[in-house]
Structure formats: C-alpha cells, structure tokens
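Take a moment to turn the structure around on your screen before reading on. We will walk through it together, one region at a time.

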Amino acid sequence: MKRILFFLPVLLVVLTGGFLLWGLDADRNPSAIPSVLISQPVPQFDLPPVEGLGLPGFGSVELEQAGEVVLVNVFASWCVPCRAEHAVLTRMVRETGVVLMGLNYKDKPADITAWLDNLGNPYDRVGSDLDGRAGIEWGISGVPETFIIGADGLVLYRYVGPIIGPKAEAEFLTALEQAQQAQAEAEAGV
Amino acid sequence: MIPEIGQFALALALVLALVQSVLPIVGAARGNKLWMQSAWATSLGLVLFVGTAFAALIRSFIVSDFTVANVAENSNSLQPLFFKIAAAWGSHEGSLVLWVLILTIFGLSVSLFGTNIPAALRARTLSVQAWIVVGFLSFLLLTSNPFDRLIPPPADGSDLNPLLQDIGIIIHPPLLYLGYVGFSIVFSFAVAALIEGRVDEAWARWVRPWTLAAWTSLTAGIALGSWWAYYELGWGGWWFWDPVENVSFMPWLLGTALLHSAIVTEKRGAFKSWTILLAILTFSLSLLGTFIVRSGILTSVHAFAVDPARGIYMLGLLAIAIGGSLALYAWRAPDMEGGGLFAPISREAGLLINNILLTVATGIVLFGTLYPLFLEAVTGDKISVGAPFFNAGFIPVMLPLVLLTGIGPFLSWKRADLMGVGQRLKAIAVVSTLIALGIWYLTTGGPALAILALGIAVWLLLTTLKEWGLRIKLFKAPFAESLRRLRSLPRASHGMTLAHAGLAIAMFGFIGSSAWKTEQIVFVTPGVSVSIAGFDVTFEGTQRVQGPNYVADRGTLTVTRDGAPVTTMYPERRFYPVTRTGTTESAIRETLAGDLYATISVPASDGAAERAWTLRILYEPLVSFIWIGATMLLLGGLMSLSDRRLRVGAPRRKARAPANATPAE
C-alpha cells in the first residue's frame, strides 16, 4: 500500500507533461488575447463626423440598424501600417462592395482629411474619436484593428493588426464571407 | 574555419559523453576499476571540447563574424567589446553552450574533488551526469546549432536587445546556470544512489557541498536578476511573479528544503527517501525552468525566440530525465526507509515542518505558474495569474516558516525541551511584539500583515543572534573565552547564522518597499516641482546625449528637502537606432532608509503640452535591505561551503565499506 505512494510523484509529472505537450501546439499563441466582444452587441458609442471631411460620423445606432454586414476599421493618419492596409481595404470594398466604416483614432481632422485626399477614400462613414474613448469601449489593443459586425449589430469577428499579406487577407475574407452567408440564410429564413 | 572547429568540438564532446554514459556505470556493475576510472579522462575531455566550442563562439562574436547567423542576429559591430562577448550567451543557442559547459565543469569537479567518494558511487554519478550532457548536447547539435552559417552575410548585425546591454544582466545568466546546473550533480548523486540501492549518512555528507554550491549560485543569480529588474526596467519593483522568475525561484525554494533535509540525513540517518526525492525534484524544476523559458509555452517578458521543434525535443528530454528518475524512485526508494527515530518536538521535527512548508510554497508557485496553461487546455479561457494570487498563497506559508526558523536552531536532536526553549526566547518574543506594536503606532494603522511580518522578521533576527551569542557565550564568559569559542565554532554554524539573519534583513526590505511604497506620476515641463516622502523634486529640463550605440534624452532633477539641496538625479530615455528600440534608465538615490527612484518617458498622449515629459517618482523605504540580506545569504552559503568538515573526516570512515557493494535489494 505504502509503495503506491511512491508512484505519486511520477504520476503527477506525467499529468503535467501532458499539459505541457498540449501547450506546445504550434498554432497556439500564448500571447493572443481573445476579444470579449465576440458575439456581443457593439459597445455603446456615438462618434461625430471628422470636421471638413464631408462624411457622416457613426455610432452604435447606425451599426445596429445597418441591415447588412458592416466592417469597422480602426485607423489613423499617424499609423504607418494603416497606410499599407489602406490599399487592401480599398480593393476589398471595390471587389466585395462591403460597407466600411472608419473609426478615426486620436487623429487631427486636418491630418486625416489630407491623408484621405491623398490616398483615396474607401470609407462610407468616418467617426472622429479624438480622445480615444470609443477605442476604450471597443477594447482595442492598437491601431489598426478591423471588426466584422453582423446586420443585427453583433460583433462577429476581430482582426488585430493590419490585414496585409495573402494569409491575413484570406483569413479575413473567409470570415467576411461566412458572416455574409449567415446573413443571407437568416434573411431567406424570414 | 573557427566556427567549424567549434561545431566539430561539440560533436566530439557528444561522442565522449556517450562513452562516459556507458563505461563507468557498466564498470561499476562489473567491478572493473579501469572502466570506472575512465570517467576521469572523459570528464576532462568534455570540458576541453565544450570549452573549445564556447571559445570559438566568443571569438566569432569578438571579431563580428557575421557569416555566423547567431552572431549576426545578436550583436553589432558598433557594440563595445564587453557587450560583444556577453552577446555570446544572450541568445538561446549561445546560452545553451554555456549551460552545457557548466554541466561538464561540474562533472569534472566531481572527478577532481570527489576522491573521498567510493569509486563505484562516483563512477555511477559521473555516468548519470553524462546522460544529461548527452541530452543537452544532442539538443544543441540537432535543433539549435550556434554555428549555423549565414550566406551571404549581412553588412552589419542586428543588435542585442538594449535592455540586456547591462553588467547586471550579463553576469545574471551564468550565475543562474551555475545554480540550475549545480543541482544536476545532486540529481546524478541521487539517481546513482537509487541505482546502487544505498543511501546513508556519508552519501548525505558528499551531496551537501554540491547542494550548497548550487544553492549559493542560485541565490546570487536570483538576487542579481531582481536587482537588475529594479534599476534597469524602470518599474521600480524587484519581483513581478513573472513565469520566468518563478521557474528560477522554485528550484531555490526546493533546494533550500533539500539543504535542510540533507542535514537530517547526514546527522541522524532519517528522511532518506525524502532527501532523494527532493534532490530529483529540485533539478527537475531547473529543467522545467529551462524548458519554459525556451519553449515559449507561457507568455513572459523573458522568452527566447520560439521554435516548436525545440520545444518537443526538450519535452522529450524532460520526460526521460524526470519521468525516468521518478519511476526509478518509485521502484527503489520504498526499500531505503529507516533511520533515527525522533520525538514530535525535536530538531528533526522542526526541519520536517520546514520541509513541508517549503514544499507547499513551491507547490503554490508551481501551480500559479502553470495554472493559465491548465485552464486554457481545459476550458479554453485565457487568464494570467499575478501578484495577488502569489502574495495570498505564498506569504501565509512563509511567515510560519520564518517564525519556526527562529526556534529551530534552539531545538536539540531526537528530543527537545520546549519549555526550556520557551524560557530562553521569552524576552525576544516580547521585544518583537513591542517593536511590531511600535511600528503600528508610528504608521497609525498601516497594513496589518506588513506589521505582523515585520515583527516576525525582528523575531528571526533576534533569535538568530541570540543562538549565536549562546554558542560563543557572548557576555556570559570573559571576552577572550568568547573569541576562542568564536574561532572553534564550525564554519557551517556561522554560515547558518549569517543566512538566517540575512533572510530577516531581506524581509525588512521586502516588507518596507511593498507596504510603504509611495508613487507620483505627473506630466512635467521645466521648472515643475513634485513632492514625495518629504522630498521636493524639480524637473529642470532635458538634454540630448550621445552614447556609444544610442542617443539619450537626459533629464535633470534637483532634489531638496526642507529647502536644503539633497542631490541631483539624471534619469534617461535612451534610443538604440540599430534595433529601433528605446529603454528607460532610471536614476536612483540610494540610502538605507529608502530609495528615491525616478524615470522619465515621452508623454503617451498627443494632447499633452509641447516638451512635456511623464515623470514617475517612487519612494521605496528599506529597499536596500533586500540586497544586504541577499548578500548575507550568499556569504552564509559560502561560509558553510568552506567548512572543512564537508571536505575531510567522516567520509573516510565509510571508505572501509567494500567499494563495489552489491545493491541492497
């Protein structure tokens, strides 16, 4: 009986080893933080338009009543990766016709107007988040980030960082198509 | 050419290690003296070959040979020579070479200094040590070759992470490895004893100096790392319960338990299988630490670059080393119980409680460190376990331990007289309580736990001094008599006194800087003044300074107290153009009473005024006591290590036992 006790350490080690082996999975990123917003309604916020840009702002109400799948892109003129991502978003809007709303994070109106004049404007609406309060509500960890919002205002997907490169684009487009398909099925059901 | 010599030397070392894995242990089983003695030559050869490889690597760094990928990735031609050399162990591959080098040096020292150990036990120990060397050398050669070439070579290398370009963090890894790897010898001794089937007092005596040496190095390594974090990271803290800190702390805690349980095995022949288990587990935790740091399995500020193949290989090594040794333990250990009996109140019982508490504390740290992984595997949730958990779990276990540490040395072996001990310590208990109450009165309702802990620290300090005083009859006998006793007292005794007092003193630092720390974070423009802990700190502005491989904004802070000038502080914000990273150089005014700690950083918000800086000032009372206490722990370890009883004497008696005793099954 007492002998069994001496096996306890090796059993504990085998058990721990199993967890460690699981933890080594190459697809697992221990630093990735899942968004608490997924499958939740969009947070409450209301952003004014950017002065001098001539596009309307947006808030929770617009996202809840959009009636179709919408993208929300957090961006800023001071953000270098955003400049690279801008071309990808422009192409995506042209090819898929998806509605893109821009959450302009901590940016000066004059800077962002010049930036969009220079690069072209893929956004349907741009809200100005001068003090970063809406960014806090959305729980963003940096700029850029892109969210896919369902027609009913539920957050379906979050992409952290710029959508650049074939792998990232494919991943994002797959998520977008799934969201649009689910939307189409829901409408057909009604 | 030189890098190839290094790689070739590593391959030859692997061959030698394979020979040493087999010959001595088979020789010990067959009673072949020549085979057993071959371990001497192979362990010397291992040091020479691995040393050659390490020298080749350092040389590649010194001449900035960017055809070697490791050099190109971790150093830069602009770096000062000193940092170029240090970069050799700044990366995963280079540090692993150092790891193996230390492993082989320990093997050689057993060959050199272990002449009083029976030939069979020594041969088996050296073979087990060679198994570990084989594991790590093959890991190095197969997954992490430090001499991989890079064709075509880049014009210049990328820099070593600027945070690591600091003297503290350069000595920190070698010391930590000395500790980690030092426990490998204790592990090898334990496995050899299990294979031999015999553990006795002499075994414990041979193991103790190695345990002490490893423990002392680990103490120094951890203290140095903590000190580095304190002045370099700019957060003003000295311990963050980060996974990688925890994995270096766990072998220390369990090694401390091992140090104490080995005393019981040595003096009384008890706790045999427990001491063996601790020896195995202490090194297992060192291996786990090496695995966690290098596999990227947990998020940490310390991790090396991650490669899944390496993780799998290391986990395999761990499974063989830890699983194998514990399975051997489960098989052989039940037969080796027995030994001195003791009463519930005795030195043995005291050390037993010490061991239980230290093991529980280690368990808490281990659980907290791996819990995020367990939870993610089971539920998919991601959490991080931080200081609140560790403080809540660890402190309530450690306080009773410290209380007991004060009493333990007064207890006699076998059966102690608790009443008598109570009589002797009554006065100290009263004084400690009074001091705690006094502090409570002075700080008017400060945190209760901190005051209790301070009282316990005072208790430990006073009881330790009293025990030492009693031994040398201080003030009880003429001074010359005390001096004579002081000289004749074994050094291990002085070592214990130093280490226990060091713990008490370090506790003052832990408690003071945690419970009574004050902090101010403000936006400042030149001329703005901040008050903290009775000091007035004025920000005078910043200026650009050019360093060897960085540019810095150096702030000037004038510190006054009641209008009288105290000092001027120069916190810096450095930028390293090659890696495009910035570091914070804190400015610290150190006094025994407390440290004034200042850092500056560029304001985070765009809304702040032009030329404004974020100034962070901390006042950390008593923090210097941590470093003083740690130094005393270190000196205590060294003092014990120099005790001649550990080197001569008792083992000779055992030499009469047949050298090739058949395992007692």
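To describe how two helices pack, we fit a line, the axis, to the C-alpha atoms of each helix over the stretch in contact, and the angle between the N-to-C directions runs from 0 to 180 degrees. Keep in mind throughout that this is a predicted model.

Let us begin where the two chains meet. Here 22 residues of chain A are in contact with 25 residues of chain B. On the chain A side, the elements that give two or more residues are α1 (2-5) and α2 (8-23). The largest share, eleven residues, comes from α2(A). Sorted by class, this side of chain A has 15 nonpolar, four polar and three charged residues.

Now zoom in on α2(A) and its partner across the boundary, helix α11 (residues 308-332) of chain B. The two helices pack at an angle of about 165 degrees, and their axes are 9 Å apart. Because angles over 145 degrees count as roughly antiparallel, α2(A) is roughly antiparallel to α11(B). Their crossing is left-handed. From α2(A), the residues that make the contact include P9(A), V13(A), G17(A) and L21(A). From α11(B), you can look for L315(B), I322(B) and G323(B), among others. This contact of α2(A) with α11(B) divides into 13 nonpolar, two polar and no charged residues.

A pair of helices inside chain B can be read in the same manner. Which way do α8(B) and α18(B) run relative to each other, parallel or antiparallel? The axes of helix α8 (residues 201-232) and helix α18 (residues 624-641) of chain B come within 9 Å and cross at roughly 165 degrees. That makes α8(B) roughly antiparallel to α18(B). Again the word for the crossing is left-handed. Among the residues that meet here are P209(B), W215(B) and W227(B) in α8(B), and W627(B), G637(B) and L641(B) in α18(B). By class, the contact of α8(B) with α18(B) has 13 nonpolar, four polar and no charged residues.

Next, let us turn to strands, starting in chain A. Strand β2 (residues 99-105) and β3(A) pair in the parallel sense over five bridges, and G102(A) stands opposite V126(A) in β3(A). Is strand β3 (residues 125-129) of chain A mostly covered or uncovered? It is mostly covered, as five of its five residues are buried. In a regular strand the side chains alternate between the two faces of the sheet. In β3(A), R125(A), G127(A) and D129(A) lie on one side and V126(A) and S128(A) on the other, and all of these are buried, which leaves both faces covered.

Chain B has an open sheet of four strands, in the order β1-β10-β9-β8, with antiparallel pairing. Its edge strands are β1 (518-524) and β8 (587-590), each of which pairs on one side only. From one strand to the next, the twist averages 15 degrees. Looking at one edge, β8(B) and strand β9 (residues 594-601) of chain B pair in the antiparallel sense over four bridges, and R589(B) stands opposite L596(B) in β9(B).

Our last stop is a single residue, G386(B). You will find G386(B) in the loop between α12 (347-379) and α13 (387-407) of chain B. Why is G386(B) called exposed? A residue is exposed if 12 or fewer other C-beta atoms lie within 10 Å of its own, and G386(B) has 12. Finally, G386(B) and T497(B) are 111 residues apart in sequence and 33 Å apart in space, C-alpha to C-alpha.

Terms used: Residues are numbered from 1 along each chain as its sequence is written. Chains are lettered from A and ligands numbered from 1 in the order in which they are written. This is a predicted model: local features need pLDDT of at least 70, side-chain atom pairs count only at pLDDT 80 or more; totals for chains, interfaces and linings use all residues. Two residues are in contact if their C-beta atoms, placed from the backbone, lie within 7 Å. Ala, Val, Leu, Ile, Met, Phe, Trp, Tyr, Cys and Pro count as nonpolar, Asp, Glu, Lys and Arg as charged, and the others, Gly among them, as polar. Angles under 35 degrees count as roughly parallel, over 145 as roughly antiparallel, 65 to 115 as roughly perpendicular and the rest as oblique. A crossing is left-handed if the near helix is turned anticlockwise from the far one by less than a right angle, and right-handed if clockwise. A residue is buried if 20 or more other C-beta atoms lie within 10 Å of its own, exposed if 12 or fewer, and partly exposed in between; C-beta atoms are placed from the backbone. Two strands pair if DSSP finds at least two bridges between them.
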